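Trainee: I have a model open and want to learn how to read it. Can we go through it feature by feature?

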Amino acid sequence: MPKIVLIGAGSVVFAQKLITDIITFPALRESTLALVDIDETRLELITRLTERLKEQEHLPITIEATKDRRKVLKGAQYVINMIQVGGLDAYRLDVEIPRKYGIDQTVGDTLGPGGVFRALRTIPVLLEICRDIEELCPSALLINYTNPMAMLCWAMNKATRVRNVGLCHSVQGTARTLAEYIGVGVEDARQYEDEEYRFFYKPMPEGIDYWVAGINHQAWFLEFRYRGENAYPLLWKAMENPEIYRRDIVRFEIMRHFGYFVTESSHHMSEYVPYFRKNPELIAKYIPERWDYYEICRSGLAPYMERIKRQIQGEELIEVRRSLEYGAHIINAMETGELVRINGNVANTGLIPNLPEGCCVEVPCLVDRLGIHPCFVGDLPPQLASINRTNISVQELAVEGVLQGKKEYIYEAIALDPLTAGILTLDDIKRMVDEMFVAEREYLPESLRL
Amino acid sequence: MKVTFIGAGSLVFTQRLLVDLARLPFPREEIEVALVDINERRLSYILRIARRIFEENGIPVERVFATTDRREALPRSQYVFISILVGDIEAIRKDIEIPLRYGVDQCIGDTIGPGGVFRALRTAPVILDICRDIAELCPEAFVFNYTNPMSILCWVVKERYPDLRFYGLCHSVQHTARQIAEYMGWPLEKLEYWVAGINHQAWFLELRLDGKDVYPLLREKVEDPELWKLDTTRIEMFKHLGYYVTESSGHNSEYNPWFRKRPDLVQRFTPGGGWNGETGFILKLYGKDRESYEQELERIASGEMPIDYAESEEYGIKIIHALEGGGVFRANMNLPNRGSITNLPPQCIVEVPCFVEKGHIRPAFVGDLPLQLAALNRMVVQSQEMAVQAILQGKREYVYYALYYDPLTAAVLSLDEIKKMVDEMFEAERAYLAESWF
């Protein structure tokens, strides 16, 4: 039975879902789950919750908990990474400082000043985790859920020998959303009152097929089919319905002008191109409802903790239901040989020939007992590759900046960010990045401190 | 779901696939099978056997029909199997015996080298004719070729009909896995492998049992002299190059310069003969007593002998099952190298793991082969490429080039000897070849 180490197990978004996903697979019910978090309170909560789950479901799992990952990595086959370096305090700086300069990020975890600084904080820690894996469990698969996905995976592929794959729910989540837009599985969707819950748990309707490739948070539905037929015409028709259009304006506009639907959400996508967030008027027009992820995380934390406490005390049942996350499916496929197709973030080894060799691409991968096998995709339509490449240039400079300890690359990365470049002058950018370097100093590695 | 078998008189093979078709949970009433062969006698046997299999498995017998005209069978076909042999045993005899007089000693001669190249010259025009009909009558069909020489034929089709969904299937990967499991006493279903390269020369890049690399155990095992005598040239290559190769030791002995260039080497590296490398073994294989063979067919067709319903090693029907939505399936297939093996030429035909899912075949990314393996594959690929150009351009000099660069022929003969041998083969096989060569 496999040993699975969860690093950053106190993660609000992922840990509980992945743990319940794992136990829904019969072949994984005797797994050893080793929970690791440097935050004692969070670690204690997730440990007691997992123990409660074990009791509630009469599970034969083994649970270990520690603040020191080195104590549990030995013998691990899978390491799931969900860390957030600097927590909400650092995240607040990522969005608030740029906002003073007119860069209004709604998520700020992927690209731009927020994404780049998140990478600066996270890459050094992730590489230390990788060093420990190389030493203690060199054949383990590292499954990364932490953002900024592309920069982190790129850095790992460049600087370590750890087998890894980056996972996100944006591909399969968008596929479910698109199904609703074209009127497939809408009845099922109505059964879910809570929108977020629906996103994670509503099963994929029958008959939807998709082939998606690009980069994380900006991958393209190269094929979208319903019952074997191209479903794009249905999507173009859905766009004419104002009610549907209003739910996803940015992504529909991208489809209108570039021909393809993109993953993640309109909020995310609006940050990665220069067209939608240049000034408050545009933002009001294209993203009428705000969705500020930092605020959501901050205000959501206390109720989430309260709920976990109720569950630990047995006042509320822990629901056991398989989510749309790929992590547990991958482990099941590698343990049993039941093949599964996922979208994973992997090194571009010629998989998408018109994106740079070595960058991190999000492509369909098949998983068997031997591991993750990426599929060859071929050239993307040139307009899509071009958008991806603007983002990849930022990622490359940020990754090299951290790996080589070159601060100038960080300024250059942000100067090339499509949104920042659309708003600020070069010296404004310099001042903004300086301010971020100073404010986030305590979270940064020595080589990147001003 | 209409499946057409071209060369259905390839009896053992067609029967195996029909059994797989009956075994897997396809909706009975949707199965439709068309059997095509130009040999009426063989066709009537396979039709009777097919009817019997259908009857014994609850498939309406009127859902199978037979014809000698493929154009009658192809319309509406979603899946087409091609398993043909162009020319008879006499053509193959010349493939083997003429080169042998020059010292080029082949065992099978169906892949590369003088036998493989001339088999390609005979077979490619027929395959291209079939493809022309498929492109006209059922252009969306998935076509599975089981005919040799696999790589050269797939390559020619890719150049001439790039839009066809044409894949080459062979059982050499799964058969080798079974052999390794048997040598080691391992349960086959627990053995996991990752194989890539070119047809008849693909490499077991990974070999795992319960997740553990078991190559070290195999490496110990092949020190056993008794095993060495059964699978000699593959074990020799394993010892020197580090990886196990597919097909049989007899096949394998022909595709490199190491084992057959002198009589003493043939003697030393083909103990036991037969599949282990016997000179001209293919003539024995194809020259079986035809009469007793037909008597056996009659007994199966008439119901006197039971049908063997064991699951076959062939991928064909399992692939169709996955394409129809029956879950993801992994199979090694031959197809153009679009980014799969990064250190083989992009235009060549590779045999790589593919994932089959509803409506799609997705080749996996393999990456660089270990250098010493890529080097041998490239030697073979460059000879194939010249044979392909010979066929596409109809230029006789490319036939010479293909054999000038054949690893075995080049190890034995001088350039002018090779040219003389090729000329002699052209003359001897004239009846089987297009007049334009002369």
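Trainee: How many residues does each chain bring to the contact between chain B and chain A?

Mentor: Two residues are in contact if their C-beta atoms, placed from the backbone, lie within 7 Å. Here 19 residues come from chain B and 18 residues from chain A. The model is predicted: local features need pLDDT of at least 70, side-chain atom pairs count only at pLDDT 80 or more, and totals for chains, interfaces and linings use all residues. Residues are numbered from 1 along each chain as its sequence is written, while chains are lettered from A and ligands numbered from 1 in the order in which they are written.

Trainee: Which elements give two or more residues to the side of chain B that touches chain A?

Mentor: Elements are DSSP runs, numbered from the N terminus: helices are H or I with at least four residues, strands E with at least two. On chain B, β7 (191–198), β8 (201–209), β11 (349–357) and β12 (360–363) each give two or more. By class, that side has eight charged, six nonpolar and five polar residues. Ala, Val, Leu, Ile, Met, Phe, Trp, Tyr, Cys and Pro count as nonpolar, Asp, Glu, Lys and Arg as charged, and the others, Gly among them, as polar.

Trainee: Now α10 of chain B. Is B:His240 buried or exposed?

Mentor: Count the other C-beta atoms within 10 Å of the residue's own, with C-beta atoms placed from the backbone: 20 or more is buried, 12 or fewer exposed, in between partly exposed. B:His240 sits in α10 (residues 232–241). B:His240 is exposed because it has 9 C-beta neighbours inside 10 Å.

Trainee: Which residues of α10(B) are buried?

Mentor: B:Thr232, B:Thr233, B:Arg234, B:Ile235, B:Glu236 and B:Met237. The buried residues of α10(B) pack against α9 (225–230), α11 (249–252) and α12 (263–269) of chain B. Just after the helix, B:Gly242 takes a positive phi of about 95°.

Trainee: How do α1(B) and α2(B) cross?

Mentor: Fit lines to C-alpha atoms over the stretch in contact, then take the angle, from 0 to 180 degrees, between N-to-C directions. The axes of α1 (residues 11–23) and α2 (residues 40–56) of chain B come within 10 Å and cross at roughly 20°. So α1(B) is roughly parallel to α2(B), a label for angles under 35 degrees. Among the residues making this contact are B:Leu18 of α1(B) and B:Ile49 of α2(B). The contact residues divide into nine nonpolar, two polar and one charged.

Notes. Angles under 35 degrees count as roughly parallel, over 145 as roughly antiparallel, 65 to 115 as roughly perpendicular and the rest as oblique.
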